[in-house]
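The exercises that follow are to be worked with the sequence and the coordinates side by side, and each is followed by a solution that goes step by step.

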Amino acid sequence: MANPLRSEVIALYKHLLYLGRNYPKGATYFKERLKHAFMKNKDETDPEKIRTLVKRGDFVIKELEALYFLRKYRTMKHRYYDEHKK
């Protein structure tokens with residue numbers, strides 16, 4: 001793997017690992033799946049394929065952030081606009 005791509009992949013892994021701390025099924029579950037996904041592609045040497053995988057990782061980051069935002073929104077809505085409270 002080329003040096004600039006290596007640093008990109010490591011940064012992606014660290015960012016995903018950080019986001020996985022609040023995963024609904026637990027940090028351990030997320031960490032195991034993350035490690036498995038990265039180990040599955042550890043022998044990839046084609047720079048274009050690596051860039052494609054990094055783009056997929058960026059998409060996963062956006063999805064996780066959306067998931068966390070939605071969970072936060074639902075919590076706030078439930079806390080302040082609960083229709084069952086009267």
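**Exercise 1.** In this predicted model, find which residues make up the largest nonpolar core, and which elements give two or more residues to this core.

*Solution.* Begin with the membership: the largest nonpolar core has 12 residues in all, namely Leu5, Val9, Leu12, Leu16, Leu19, Phe30, Leu34, Ile50, Val54, Ile61, Leu64 and Tyr68. Next, assign these to secondary structure, where helix H1 (3-19), H2 and H3 are the elements that each contribute two or more residues. As background, nonpolar side chains in soluble globular proteins tend to be buried together. Then check one member against the burial cut-off: Phe30 has a relative accessibility of 11%, and because buried means under 20%, Phe30 counts as buried. Finally, take Leu34, another of the core residues, and set aside its neighbours within four places in sequence; Leu34 is then in contact with Tyr13, Leu16 and Leu17.

**Exercise 2.** Determine how many aromatic pairs there are, and classify the pairs that Tyr23 forms with Tyr29 and with Phe30 as stacked, tilted or edge-to-face.

*Solution.* With ring centres required to lie within 6.5 Å, the count comes to three aromatic pairs. In one of them, Tyr23 and Tyr29 are 6.1 Å apart centre to centre with 15° between the planes, and because planes under 30 degrees apart count as stacked, this pair is stacked. For Tyr23 and Phe30 the centres are 5.2 Å apart and the planes are at 45°, so this pair falls into the tilted class, between the limits of 30 and 60 degrees. Put together, ring pairs link Tyr23, Tyr29 and Phe30 into a cluster. As for accessibility, Tyr23 is partly exposed at 24% and Tyr29 is partly exposed at 29%, whereas Phe30 is buried at 11%.

**Exercise 3.** Identify which residues form the salt bridge, and state where in the structure they lie.

*Solution.* The structure holds one salt bridge, which joins Glu48 to Arg51, with the closest N and O atoms 3.2 Å apart; this satisfies the cut-off of 4 Å. Both Glu48 and Arg51 belong to helix H3 (residues 47-80), where they are three residues apart, about one turn of the helix. Arg51 is partly exposed, with a relative accessibility of 39%.

**Exercise 4.** Decide whether Thr28 is buried or exposed, and how far Thr28 is from Phe69 in sequence and in space.

*Solution.* Thr28 lies in helix H2 (residues 27-40), and its relative accessible area of 56% makes Thr28 exposed, because the cut-off for that class is over 50%. From Thr28 to Phe69 the separation is 41 residues in sequence and 21 Å in space, taken C-alpha to C-alpha.

Technical notes. Residues numbered from 1 in each chain as written. Predicted model: local features only at pLDDT ≥ 70, side-chain atom pairs only at ≥ 80, totals over all residues. Heavy atoms only, no water. Phe/Tyr/Trp six-rings, centres within 6.5 Å; stacked < 30°, edge-to-face > 60°. Buried < 20%, exposed > 50% of the residue type's maximum accessible area, 1.4 Å probe, protein only. Helix = DSSP H or I, 4+ residues; strand = E, 2+ residues; numbered from the N terminus. Salt bridge = Lys/Arg side-chain N within 4 Å of Asp/Glu carboxyl O. Core = buried A, V, L, I, M, F, W, Y, C linked by side-chain atoms within 4.5 Å. Contact = heavy atoms within 4.5 Å.
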